[in-house]
Amino acid sequence: MPNDSSLPLELDRRTRLAGHVRRKVDTLRVTVIGAGAVGATLTAELVRRGASVTLIDASEVGAGTSSATFAWINSHNKSPAAYGQLNLLGLEAHERMARRGGRWFHQIGMMQVALSQAEADRYAQSVAGVTWPEYGARVISREEVSRLEPSIDQDSVVGGAFYPREGWLDVETMCISLVQESIERGARFEPFARVDEITNNTVRATRPNGEVLQVQSDVVVVAAGNGTPGVLRTLGINWPLIDPAAGEAQRASVGSSVGVISTTAPINSGITHFVRSDGIALRPARNGGITFSDHPTGGKWGHDDPRTWDVPHTLLARVKELYPSMQDAVLGRVSLGTRVLPSDGLTVADWVARDSSVYAITTHSGITLSAHLAESVAEELTTGHRHESLQPFGLDRFSEAPGVMAHTRP
């Protein structure tokens, strides 16, 4: 991002914020675009701090990418180190939210199950790479795997690893609960309103029946996932997010955008942890069945490729091989998600231009990061102070990539 100012970063941010952070929080008006995991948690946090918030979504609460996610809360084996630390803060923020009464973080621990010695060695290396003693990561024996998951095919197990603080998030419950809480505290929710443009801090959106909605505020936050570039294009901003429809070569650096998430009908599965092994990952589901996925397998083809619909059956066969007790399991639901992929694979959270009152957030770790992003971005919006953990994830890192950001205004 071009930077023609010699001001230190934090002072420069305060300068940009001068028009709105000086007002008291209880008179700050914020429009949040996107009611997924990030938008819902940010709305709730801003309302708790006293801001007046209008939340807008093109459909309903959590209906976009947040509705088709494996929802694994974790922070290990992520690079660079600052990104791993950001995800650890995300996990800790979900723990705090659970202590405040949130019913959606199922912190049941994640177990990696090795079916070969090579796999066991790889898991041991991952454990050795965790630099936070408080994370509790440890290598476990074949016997401990069998004790923790007695329904697993014990004859095939070699060993494994265990991460006790990890788990999964019931995203639907979280998003609906937080939006409802926000409404009860005075927030305004406008569903089925597709944003057309942002002009002079006024968001203009259109409903399916042609009705036009206009919302004016002091700050606009765009947390619309893959819809973010389209919204910001109305400001002349070229946001650094890979188009889900981009060619295979362009997506290769950060991975496929397709996520295939499958859930069985209710079943007495016997699974009590989040379990991962080569070629399969599974966890309990909110409907009493199990949810399973494997991104390398599910991300091979595009949404419109019929072979994508073979993936759930392929993966269910792997589930039954690992858990013989699940032989009667049948598919109950399959969701195709479109991952949000910033151009360098890492989170972006920043003001979109030097003199702008528009802030944008995009990340493919939105489930893990949502609670921490809510706290840290709300702090930045209301006080002008940028949380230390967000410093590496601004737009400044794209400054040497011509054309990634454009500060021209319409």
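Here are some short exercises on a predicted model, each with a worked solution.

**Exercise 1: Getting an overview**

Find out how many helices and strands the chain has, and what share of its residues count as buried.

*Solution.* Start with the secondary structure: you should arrive at eleven helices and 20 strands. Next, go through the burial of the 410 residues; 55% of them count as buried. Finally, look at contacts between residues with a separation of 6 or more: 72% of these involve residues 24 or more positions apart.

**Exercise 2: A small sheet**

Work out the order of the strands in the open sheet that holds β10, β11 and β12, and say which strands are at the edges.

*Solution.* Step one is the order, which reads β10-β11-β12, with antiparallel pairing. Step two is the edges: β10 and β12 (residues 212-216) each pair on one side only, and that makes them the edge strands. Step three is the angle: on average, neighbouring strands here are turned by 20° against each other, direction ignored.

Now zoom in on one pair. Strand β11 covers residues 202-206 and is joined to β12 by five bridges. Within this pair, alanine 205 sits opposite leucine 213 of β12. If you wonder what holds such neighbours together, strands of a sheet pair through backbone hydrogen bonds, either parallel or antiparallel.

**Exercise 3: One residue and its surroundings**

Locate aspartate 196, decide whether it is buried, partly exposed or exposed, and list what it touches beyond four places in sequence.

*Solution.* First, the place: aspartate 196 belongs to strand β10, which spans residues 194-199. Second, the exposure: its relative accessible area is 32%. Buried would need under 20% and exposed over 50%, so aspartate 196 is partly exposed. Third, the contacts: leaving out residues up to four places away, aspartate 196 touches Arg204, Ala205, Thr206 and Thr234. You met Ala205 a moment ago, as the residue opposite leucine 213. One last distance to check: glycine 230 is 34 residues away along the chain, yet its C-alpha atom is separated from that of aspartate 196 by 8.7 Å.

**Exercise 4: Backbone oddities**

Look at asparagine 200 and asparagine 201 and say what sign phi has in each.

*Solution.* Both residues lie in the loop between β10 and β11. For asparagine 200, phi is near 50°, a positive value in a residue other than glycine. For asparagine 201, phi is also positive, near 65°. Now compare how open they are. Asparagine 200 has 67% relative accessibility, so it counts as exposed. Asparagine 201 comes to 23%, so it is partly exposed.

There's another backbone feature to spot elsewhere: serine 79 and proline 80 are joined by a cis peptide bond, with omega about 0°. You'll find proline 80 in the loop between β3 and α3.

**Exercise 5: Two covered strands**

Take strands β13 and β14 and find out which residues point to each side and which strands they pair with.

*Solution.* Begin with a general idea: in a regular strand the side chains alternate between the two faces of the sheet. In β13 (residues 219-222), Val219 and Val221 are on one side, Val220 and Val222 on the other, and all are buried. β13 runs parallel to β1, with four bridges, and valine 219 is the bridge partner of valine 30. β13 also runs parallel to β20, with three bridges; there, valine 221 stands opposite tyrosine 359.

Now do β14 (residues 258-264), where seven of seven residues are buried. Val258, Val260, Ser262 and Thr264 point one way, and Gly259, Ile261 and Thr263 the other. β14 pairs with β18 in the antiparallel sense over seven bridges, and with β17, also antiparallel, over two bridges. Threonine 263 takes part on both sides: it stands opposite arginine 333 in β18 and threonine 291 in β17.

**Exercise 6: A pocket**

Describe the second largest pocket: its volume, the residues closest to its centre and the make-up of its lining.

*Solution.* The volume is about 500 Å³. There are 32 lining residues, and Ser67, Asp170, Glu172, Arg286 and Arg333 are the closest to the centre. Sort the lining by type and you get 14 nonpolar, twelve polar and six charged residues. As for where they come from, β8, α6, β14 and β18 each supply at least two, and α6 gives the largest share, with seven residues.

Definitions and conventions
Residues numbered from 1 in each chain as written. Predicted model: local features only at pLDDT ≥ 70, side-chain atom pairs only at ≥ 80, totals over all residues. Heavy atoms only, no water. Buried < 20%, exposed > 50% of the residue type's maximum accessible area, 1.4 Å probe, protein only. Contact = heavy atoms within 4.5 Å. Pairing = 2+ DSSP bridges. Axes fitted to C-alpha atoms, helices over the stretch in contact; angles between N-to-C directions. 1 Å grid on protein atoms, 1.4 Å probe; cavity = no way out; pocket = protein on both sides within 12 Å on 5 of 7 lines; lining within 4 Å. Points joined across faces, edges and corners; volume = space filled by probe spheres on them. Nonpolar A, V, L, I, M, F, W, Y, C, P; charged D, E, K, R; others polar.
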